[in-house]
Amino acid sequence: MHNVEKRIINNIPIVKIYTEKFKTVVVSVYFRTPLTAKGATTRSLLSRMMVKRTSTYPTNAKLLEYLAEHYGAHLTSNVVKKGSDHLLKVSIEFVNDKFILEDIDMLGDITKLLKDVLHTPFLYDEEDQLNFDREKRLLINRLKSMKDNYAQRAFEELLSTMFEDEAYRHLSFGDIDTLEKLTLEDVKCAHQQMMDQDDMSILVAGKVDDKVFDALSELHERSEQATYPYKGYPIIEPKEVKYKTTHLQIEQAKANLGFRVLYSESKDPMTLNVFNQIFGGSSSSFLFTNIREKMSLAYSIHSQVDVKNGYMFVLAGVDNNNVEVFKDAVLRELKRVVDGDFEESFLEEIKRNMLSSRMESMDKPRGLISLSYNRLLKELSTTKETKEWTEVLQSITKDDVINLAKKIKLDTVFTLKGGNENV
Amino acid sequence: MSNYESKYYDQVDETVHKKVMDNGLEVYIIDKKGYNKKFVTYTTKYGSTDNHFKTKGKVYNVPDGIAHFLEHKMFDKESGDVFNKFSEHGASANAFTSVDRTSYLFSTTENFKKNLTLLMNMVEIPYFTSEKVDKEIGIINEEIKMYQDNPGYRLYHETLNAMYENSPVAIDIAGTLESISEITAEHLYLCHETFYAPDNMVMILAGDFDVNDTFEFIETHQNKRPAVDQSDIERFLPEEPYGVKEQSKELNLQVTTPKVMLGFKVLPDDADDQLKARRDAAMLFALDMVFGEQSPYYEDLLERGIVDDSFNFSYQEDDLVRHTLMAVETAEVDTFTEEIVRIIEEVKEEDFFSETRLRSQKRELLGDYLTSLNSPEYVANQFTKYLFDGVDLYGLPELIESITLEEVINFFNSSIDVKNFSKVVVKGHD
């Protein structure tokens with residue numbers, strides 16, 4: 001269906017994923033570095049500035065015009081947390097040559113543009129101060145308005161309560177306080193460091209031939225390969241459960257529970273993945289069928305996991321008066337897994353569904369890229385021959401799930417509640 | 001061999017196969033060669049606005065939110081929750097209700113036929129009891145409250161409410177706690193029988209299929225269903241006055257920056273489906289040229305701090321509504337409103353639109369469209385939407401190409417009336 005080829009050119013890995021099933025080609029450039037508060041905020045701003053203008057297309061209007069002429073090529077950037085790292089990704093998606101009637105060298109033009117995007121911040125000078133100020137203002141606006149999404153706001157507060165003194169509390173897109181203090185010089189430094197020292201990878205998916213390696217090798221050069229292992233944070237056992245409640249004038253309480261998993265075996269991360277699907281990550285999960293469907297306690301309820309770090313979060317919208325009932329109900333469902341109160345056949349069903357959604361993610365160019373990037377990171381984190389994802393998944397037994405469930409410890413309960421504190 | 005029509009669309013390299021079953025159900029298979037996933041939607045032309053109708057000689061008024069309520073209850077059968085059955089067969093299922101349709105869908109990489117049978121039986125065979133109806137009210141009420149806590153949704157909904165006097169489009173899709181409390185099992189059976197008749201439904205399958213075998217499988221299933229009369233539905237649409245109901249409205253929610261939405265109303269006219277589709281595309285181009293990120297007006301508003309990148313706009317028209325919406329988060333609500341009106345008036349008077357920009361807009365839209373065709377979900381959902389609107393999704397490139405500058409100018413001038421708009425503001429609590 002698709003085949004993957006990796007080459008290291010100019011000390012930068014380039015991965016080509018060849019497939020004929022899409023109408024577009026996607027190129028993604030990843031930069032990876034350890035997560036810090038200032039780093040995340042600066043890189044978040046940098047990522048936005050990079051896709052707004054380049055030295056060849058010095059205004060946003062000119063850049064957008066150029067992209068429109070190239071059949072609305074989508075130039076995007078984003079930042080995410082991964083393991084103990086911060087990722088900055090620049091991507092461009094453009095249509096296959098076969099749909100283009102005019103004489104346009106798509107791959108050539110797009111690579112030239114991408115190179116311009118990656119290198120323009122080297123040239124930032126006083127004239128860019130205005131752009132910097134504008135993007136800073138816009139990012140501050142975005143961060144403020146994210147707080148108007150109460151579920152998001154509750155989750156952010158859960159993180160800052162649970163990870164009080166740990167780097168994981170920082171959000172990938174940064175925070176307003178750090179942002180206010182940033183200078184253009186900070187952005188330039190972060191860029192310089194990213195281009196010189198970050199673990200950098202280039203991935204491309206679509207109907208492209210080997211010429212794509214030559215084209216993409218033009219993007220950047222390094223004198224030696226900069227890389228480091230991909231890993232999560234050290235495991236910390238929670239001492240006593242932290243409780244925090246904040247009040248807002250809202251209709252429905254957003255109740256969030258944070259758990260830590262005391263990993264001890266190499267297949268624990270995969271088991272956590274499976275556990276999550278059984279517990280609250282799917283529509284046939286315990287939380288969904290029992291708390292939503294049987295008890296009618298919540299409409300939105302799910303659990304999500306950070307498997308690299310061994311964190312689990314249960315997030316729900318519940319009636320203001322039902323928060324305690326809800327928390328007890330979640331812990332009761334956890335106890336059910338610990339007690340092994342589920343069928344082998346359900347476990348097999350969950351595993352099949354996980355395999356199926358992995359297959360489905362290969363039906364998207366970005367899904368293919370993301371799977372290949374994960375494989376690259378895996379190769380970096382160990383020197384041992386690693387087992388195939390599917391093989392590890394198939395090996396998970398009911399006892400594995402039960403044993404993992406025993407290692408899941410409640411750390412924090414955070415509630416964003418309607419009404420007044422005194423009522 | 002099953003008889004079916006196939007059509008290849010050269011410009012987008014897509015093939016569509018069509019077969020109308022004996023009971024009137026239309027089925028389309030869209031080839032997505034090499035895809036692991038098979039995606040199926042089963043849709044009825046029945047949405048939140050179909051509350052007042054006549055069937056078999058009788059007129060009915062049913063409670064608001066019933067189409068959505070029915071959607072929830074279709075998964076809940078005597079033998080248990082069908083969601084779990086899909087999961088047991090390796091599929092993930094879902095459903096949604098909009099103003100004019102209800103869709104049930106699943107995607108799977110295995111047990112395709114088992115899942116398809118499950119979907120068909122679930123949608124075709126109703127099972128409602130008063131106990132199950134009562135239990136659902138609790139969940140839907142939490143869903144309604146979740147939307148109430150979403151300022152963006154509230155803003156949109158309040159704007160429709162301020163613009164339209166009688167149109168059912170202003171009713172919340174999920175209804176209200178009061179309206180859903182009135183729903184009975186009898187209502188649900190009535191609406192199911194009326195609107196889930198095979199000739200009022202469409203099934204779309206997108207993925208890598210054995211086409212003949214799949215059509216035969218569906219045909220065998222459909223031929224076994226009990227025969228029903230041709231559906232006979234007359235929908236009553238209330239008269240809607242031209243003017244907006246309320247010019248200005250403010251509500252207080254827990255927000256940090258005020259959000260404003262302007263809704264410019266004009267009434268639906270007797271344009272046919274083709275003209276509507278052309279007008280829709282032309283308005284998309286016009287609005288993007290005037291207010292898009294490349295526009296000098298946007299640049300100016302951005303520099304002056306009147307808008308930020310939350311600014312968005314859209315034109316919408318169907319049988320019930322025809323309007324242009326503009327929304328932004330801004331502390332300068334009044335200046336924003338004045339500027340938007342000024343810009344629209346200026347564009348109408350001056351020679352603003354150009355062939356060069358239109359050409360570039362067309363290329364961009366074509367690229368966006370081709371990108372979207374990668375997704376079986378997009379293909380199935382949009383194919384259904386356009387089909388209901390009387391347009392072929394795969395005919396869009398030709399339609400886009402044929403839009404003239406004159407149409408862009410004329411439609412922009414006739415589809416926005418700066419004297420007829422509602423302004424709705426969501427502000428923080430004082």
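Me: What makes strands β15 and β16 of chain B a pair?

Reply: Bridges. This is a predicted model, and in it six bridges join β15 (residues 312–317) to β16 (residues 322–329) of chain B. Two strands pair if there are at least two bridges between them, so β15(B) and β16(B) qualify. They run antiparallel, with B:Phe313 standing opposite B:Met326 in β16(B). A hairpin of four residues makes the connection from β15(B) to β16(B).

Me: Which side chains of β15(B) point to the buried face, and which to the other?

Reply: B:Phe313, B:Tyr315 and B:Glu317 point to one face and are buried. B:Asn312, B:Ser314 and B:Gln316 point to the other face and are not buried. That fits the general rule: in a regular strand, side chains alternate between the two faces of the sheet.

Me: Over in chain A, why is helix α9 called largely enclosed?

Reply: Just count. A residue is buried if 20 or more other C-beta atoms lie within 10 Å of its own, and 11 of the 12 residues of α9(A) are buried, so the rest of the structure largely encloses this helix. Among the buried ones are A:Asp268, A:Met270, A:Leu272, A:Phe275 and A:Phe279.

Me: And how do you know that the length of α9(A) agrees with what a helix should span?

Reply: Take 1.5 Å a residue: the 12 residues (268–279) should span 16 Å. The end C-alpha atoms of α9(A) are 15 Å apart, which agrees.

Me: Why does A:Arg352 count as partly exposed?

Reply: A:Arg352 has 18 C-beta neighbours inside 10 Å. Buried needs 20 or more and exposed needs 12 or fewer, so a count of 18 falls in between and A:Arg352 is partly exposed. This residue sits in helix α12 (residues 344–361) of chain A. A:Gln394 is 42 residues away from A:Arg352 in sequence, but the C-alpha to C-alpha distance is 9.0 Å.

Me: What makes β1 and β4 the edge strands of the six-stranded sheet in chain A?

Reply: The open sheet has the order β1-β2-β6-β3-β5-β4 (chain A). Both β1 (3–9) and β4 (74–82) pair on one side only, which makes them the edges. From one strand to the next, the twist averages 20°.

Me: Why is the pairing in that sheet called mixed?

Reply: Both senses turn up. β2 (residues 12–18) and β6 (residues 199–206) of chain A run parallel, joined by five bridges, and A:Val15 has A:Leu203 as its bridge partner. β3(A), by contrast, pairs with β6(A) in the antiparallel sense over seven bridges, with A:Arg32 opposite A:Asp199. β3(A) and β5(A) are antiparallel too, over 11 bridges, and there A:Val25 stands opposite A:Phe94.

Me: What makes β3(A) mostly covered?

Reply: Of its 11 residues, 10 are buried. Two helices lie across β3, β4 and β5 of chain A: α1 (residues 37–50) of chain A, at about 170° to β4(A), and α12 (residues 355–372) of chain B, at about 110° to β5(A).

Me: Which elements does chain B use to touch chain A?

Reply: α2 (82–88), β10 (102–108), α4 (130–148) and α12 of chain B each supply at least two residues. α12(B) gives the largest share, 10 residues. In total, 49 residues of chain B are in contact with 52 of chain A. By class, the chain B side has 10 nonpolar, 21 polar and 18 charged residues.

Me: What makes A:Val204 stand out in the largest nonpolar core?

Reply: That core has 119 residues, and A:Val204 is one of the five that touch the most other members, along with B:Ile30, B:Val40, B:Leu119 and B:Ile204. Leaving aside neighbours within four places in sequence, the contacts of A:Val204 include A:Ile17, A:Val25, A:Val27, A:Val212 and A:Leu216. There's also a second, separate core of 51 residues, including A:Val330, A:Val401, A:Ile408 and A:Leu416.

Me: Back to chain B: which strands are the edges of the β6-β5-β12 sheet there, and what makes them edges?

Reply: β6 (58–61) and β12 (233–235) of chain B, each pairing on one side only. Three strands form this open sheet, with antiparallel pairing, and its twist averages 25° from one strand to the next. β5 (residues 52–55) and β6 of chain B pair over four bridges, where B:Thr55 and B:Lys58 are bridge partners.

Conventions:
Residues numbered from 1 in each chain as written. Chains lettered and ligands numbered in written order. Predicted model: local features only at pLDDT ≥ 70, side-chain atom pairs only at ≥ 80, totals over all residues. Axes fitted to C-alpha atoms, helices over the stretch in contact; angles between N-to-C directions. Contact = placed C-beta atoms within 7 Å. Expected span 1.5 Å × (residues − 1). Core = buried A, V, L, I, M, F, W, Y, C linked by C-beta atoms within 7 Å. Nonpolar A, V, L, I, M, F, W, Y, C, P; charged D, E, K, R; others polar.
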